[in-house]
Amino acid sequence: MIAEQTAIKITHVKESRINQLDPQNIVFGSLFTDHMLIADCVNGIWQTPEIIPFGEIGFNPALASLHYGQSIFEGMKAFKDDEGGVRMFRPLENFKRFNISAERMCMAQVPEDIFIGGLEELLRLDAAWVPQGEDNSLYLRPFMFASDVYLGVRPSLNYRFMIIMSPAGKYYSGAPKVKVETEFIRAAEGGVGYAKCAGNYAASLYPAKLAQQQGYTQLLWTDAKEHKYFEESGTMNAFFVKDGKLITPATSSTILKGITRDTLIQIAGSLGIVVEERKVSVVEIIEGIKDGSVTEAFGAGTAVVVSPFSAIGFEGTDYQLPEITTDSISSKLKNALNDIRTGKVEDSFGWVWKV
Ligand code: COI
């Protein structure tokens, strides 16, 4: 599908760096494709987008986003099918969520032809960078920041939207061990928890660092009022399997509406798995691990895909989860998702966007 296209000015690289890509040895977020897109919004008017060779951009020390944090992003993926064709997965959902984040952060709305058209054009140019192989994909990172050169506190008048792309393999090398966070919070009602803004990730780093010093990979955030209910995990939404049912915290203003989350819920429904979106209390899950009714817990997100947790740490005790097998619900969901994304099975949901 081709989005209605704004003419994009393209400057090609002189020499590709594709020989730096080793599909067997990809470190997430460390290598970038040959080209990137830049589009500036000047006083509310979007200028002609440009695709240029990937590289550094200069900035003024008074750049508004550096000081007051108007900065948002999306995480999406493109895949290669067996015929070598490139496919994006549910890009319109990311486009919509991007503009929801932009609204909350009082930033400019990005037009669809720049967001989707830009992704398509970049993917056509850098198609060779989409790695084949299990767990491999091209991670797409659209982002936008306030570009006023001004230190007064007000919404910026100018914004820069960019897209960079980076080959990705597995995000976590092993099964993450997560800690239930009961001191710090990620988001409170009325805040920016549902927005994919840079500050949400910055605020999570210190509590995550403390947990990592205790041997955990990530945090499982709880609600800001009582620390009784699960919210989401560091870079992913959280799922649990209890009595054979798939359970996940209902989304709210404090939880990011994950596109992988929504995808897994729909796939589970199609596989006849009962899904419950509701409040999930910490006690319910810990007691369930103890009595054997909770058999799986995992994170889901674009970067991590489906990542089963090895254990959940709560109040100083680690509760081990059973080993994942091919019969586990998380394995079935992950395989079904991968098969749709890479074209191994028919996409009956209409999620795949062929470039
Ligand atoms: C994604 O899954 O795309 C995310 O946003 C996580 C990222 C911060 C690594």
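1. Start with strands β11 and β12. In this predicted model, β11 covers residues 218–222 and is joined to β12 by two bridges, with the two strands running antiparallel. If you want one pair to look for, take L220: its bridge partner in β12 is S233. As background, strands in a sheet pair through backbone hydrogen bonds, and the pairing can be parallel or antiparallel.

2. Now zoom out to the sheet. β11 and β12 belong to an open sheet of five strands, and if you read across it the order is β12-β11-β10-β18-β19. The pairing is mixed. At the edges sit β12 (230–233) and β19 (317–320), each pairing on one side only. From one strand to the next, the twist averages 30°.

3. Next, the helices against that sheet. Helix α4 packs on the sheet and touches β10 (177–181) and β11. The direction of α4 makes about 120° with that of β11. Helix α6 (residues 282–291) lies across β10, β11, β12, β18 (311–314) and β19, and runs at about 125° to β18.

4. Then there's the empty space inside. How many cavities of 30 Å³ or more does a search of the whole structure find? The search finds two. The general idea is simple: roll a probe the size of a water molecule over the atoms, and you see where empty space is left.

5. The largest cavity holds about 90 Å³ of space. Its lining is made of G75, M76, K77, F89, N94, I259, T260, T263, T302, L337 and R341. Three elements give two or more residues to this lining: β6 (76–80), α5 (259–270) and α7 (329–341). Of these, α5 gives the most, with three residues. By character, the lining divides into four nonpolar, five polar and two charged residues.

6. Where does the largest cavity lie relative to domain 1 and domain 2? Both domain 1 (9–169) and domain 2 (177–341) give residues to the lining, so the largest cavity lies between them. Try colouring the two domains separately and finding the lining residues on each side.

7. The second largest cavity has about 40 Å³ of space. R186, N200, Y201, S204, W221 and G234 line it. Helix α4 (residues 198–213) turns up again here: it gives the largest share of this lining, three residues. So keep α4 in view: that helix also packs on the sheet, touching β10 and β11. The lining residues of the second largest cavity divide into two nonpolar, three polar and one charged.

Conventions: Residues numbered from 1 in each chain as written. Predicted model: local features only at pLDDT ≥ 70, side-chain atom pairs only at ≥ 80, totals over all residues. Heavy atoms only, no water. 1 Å grid on protein atoms, 1.4 Å probe; cavity = no way out; pocket = protein on both sides within 12 Å on 5 of 7 lines; lining within 4 Å. Points joined across faces, edges and corners; volume = space filled by probe spheres on them. Helix = DSSP H or I, 4+ residues; strand = E, 2+ residues; numbered from the N terminus. Nonpolar A, V, L, I, M, F, W, Y, C, P; charged D, E, K, R; others polar. Domains from an automatic or database assignment. Pairing = 2+ DSSP bridges. Axes fitted to C-alpha atoms, helices over the stretch in contact; angles between N-to-C directions. Contact = heavy atoms within 4.5 Å.
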